[in-house]
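Here's a quick briefing on the empty spaces in this one, plus a few notes on its strands and one of its helices. Have the model open as you read.

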Amino acid sequence: MEEELLQAYRDIFRKKAGEPAWAVHKNTQGHEEELIHCPIPFVGRKYGAGGVRLLVYGSAENLSDYHTAGKTYLDDDSFAIRRHRACFEETRERFYPQVNLQPISDGGLALAAFYLYRRLAEAEGLAPAEFLERIAFANYCKYTIEIRGGAGKRQNVDYAGRAAYLRESHPYLERELAILQPDVILLPRSICEADRAFLEAVRGGALLAPIYQINARTVNLRIRRWPRAAREEVGETVWRWWERLDAPGLRGKTKENFLSVFRYLDETARDCGPDSAARK
């Protein structure tokens with residue numbers, strides 16, 4: 001699947017010939033007119049284990065600090081296109097591997113995805129790295145908007161709900177869904193709402209599971225309205241993963257509020273039950 005994805009992404013990227021012009025460009029002298037290459041999804045070595053193929057989407061990559069002096073690592077197309085897997089391999093011994101997709105690297109989205117995955121396949125006792133090798137994940141938005149503020153500092157823009165920008169990712173999404181053939185697609189609710197017609201056309205037999213983005217803002221402002229789950233309700237593996245949440249945005253009060261994520265998922269993603277993967 002990785003080889004198919006690599007070929008598909010290279011073909012699409014080449015045909016787009018430097019478009020969209022609003023995307024982040026390279027820093028290397030002489031290559032400033034070239035775009036940073038879109039990365040293929042991470043595909044676990046045991047993708048589909050347990051009889052279910054789960055595809056997890058984040059929103060868009062944050063490259064707001066890429067123009068900081070000395071940052072050219074994504075200017076190398078051969079690394080950039082494989083960056084999720086490359087970063088995972090370098091950090092797989094960490095409890096939460098760094099995978100160049102921040103909500104998963106921080107642990108929040110990884111934990112939410114694992115919590116839902118347990119309804120579909122036997123997964124008790126898995127460590128995060130083992131779980132990631134069972135699924136596929138990527139950012140839904142294949143490009144990052146390049147906006148610079150004062151002193152050339154880049155600003156991050158999340159365009160999850162802006163259909164005009166999302167369309168630039170459609171060729172990649174259509175090909176990767178055809179290759180990965182997921183049973184369940186976990187994705188940001190705002191993207192699902194903005195791009196619903198396209199998703200319905202390309203999802204095949206996959207069940208769409210839209211949820212709030214799992215970050216400090218939504219946990220503290222929206223998800224905390226749900227009751228907090230107790231240890232005996234979520235099980236020892238989920239509880240151990242929750243105890244190890246330690247990213248800067250998921251500490252303290254946010255970590256306490258994160259216990260509401262499980263009750264939120266119980267309610268809003270309840271269709272991800274034992275029979276969901278078989279339902280077309």
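Which residues line the second largest cavity? They are Glu-2, Ile-40, Pro-41, Phe-42, Val-43, Arg-82, His-84 and Arg-85. Keep in mind that this is a predicted model. The rest goes topic by topic, starting with the enclosed spaces.

**Cavities**

- The structure holds three cavities of 30 Å³ or more.
- The largest cavity has about 110 Å³ of space, and 16 residues line it.
- If you want to centre your view on the largest cavity, go to Glu-61, Arg-83, Lys-142, Tyr-143 and Thr-144, the lining residues closest to its centre.
- Two elements, helix 3 (83-91) and strand 3 (136-139), each give at least two residues to the lining of the largest cavity.
- By class, that lining of the largest cavity splits into nine nonpolar, four polar and three charged residues.
- The second largest cavity comes in at about 50 Å³, with strand 1 (42-43) and helix 3 as the elements that put two or more residues into its lining.
- Around the second largest cavity, you'll find four nonpolar residues, one polar and three charged.

**Pockets**

- Moving on to the open spaces, the largest pocket has a volume of about 890 Å³.
- A total of 38 residues line the largest pocket, and Ala-60, Asn-62, Leu-101, Gln-102 and Pro-103 are the closest to its centre.
- Quite a list of elements chips in at least two lining residues each for the largest pocket: strand 2 (54-58), helix 3, helix 4 (102-105), helix 5 (108-117) and strand 6 (184-188).
- The lining of the largest pocket has 18 nonpolar, 14 polar and six charged residues.
- The second largest pocket has a volume of about 280 Å³.
- Its lining is made up of Arg-189, Ser-190, Glu-193, Tyr-212, Gln-213, Asn-215, Arg-217, Thr-218, Leu-221 and Arg-222.
- Helix 9 (189-194) and helix 11 (216-221) are the elements that give two or more residues to the lining of the second largest pocket.
- Sorted by class, the lining of the second largest pocket comes to two nonpolar, four polar and four charged residues.

**Strand 3 and its partners**

- Strand 3 pairs with strand 1 in antiparallel fashion through two bridges, and Phe-42 stands opposite Phe-137 of strand 3.
- Strand 3 also runs parallel to strand 2, joined by four bridges, with Gly-58 and Asn-139 as bridge partners.
- In a regular strand, side chains alternate between the two faces of the sheet.
- In strand 3, Ala-136 and Ala-138 point one way, while Phe-137 and Asn-139 point the other.
- All four of those strand 3 residues are buried.
- Phe-42, the residue opposite Phe-137, also turns up in the lining of the second largest cavity.

**Helix 13**

- Which residues of helix 13 (residues 236-243) are buried? Thr-237, Val-238, Trp-239, Trp-241 and Trp-242 are.
- The buried residues of helix 13 pack against five other helices: helix 5, helix 6 (128-132), helix 12 (231-234), helix 14 (252-257) and helix 15 (259-268).
- Helix 5 is worth a second look, as one of the packing partners of helix 13's buried residues and a contributor to the lining of the largest pocket.

Conventions:
Residues numbered from 1 in each chain as written. Predicted model: local features only at pLDDT ≥ 70, side-chain atom pairs only at ≥ 80, totals over all residues. Heavy atoms only, no water. 1 Å grid on protein atoms, 1.4 Å probe; cavity = no way out; pocket = protein on both sides within 12 Å on 5 of 7 lines; lining within 4 Å. Points joined across faces, edges and corners; volume = space filled by probe spheres on them. Nonpolar A, V, L, I, M, F, W, Y, C, P; charged D, E, K, R; others polar. Buried < 20%, exposed > 50% of the residue type's maximum accessible area, 1.4 Å probe, protein only. Pairing = 2+ DSSP bridges. Contact = heavy atoms within 4.5 Å.
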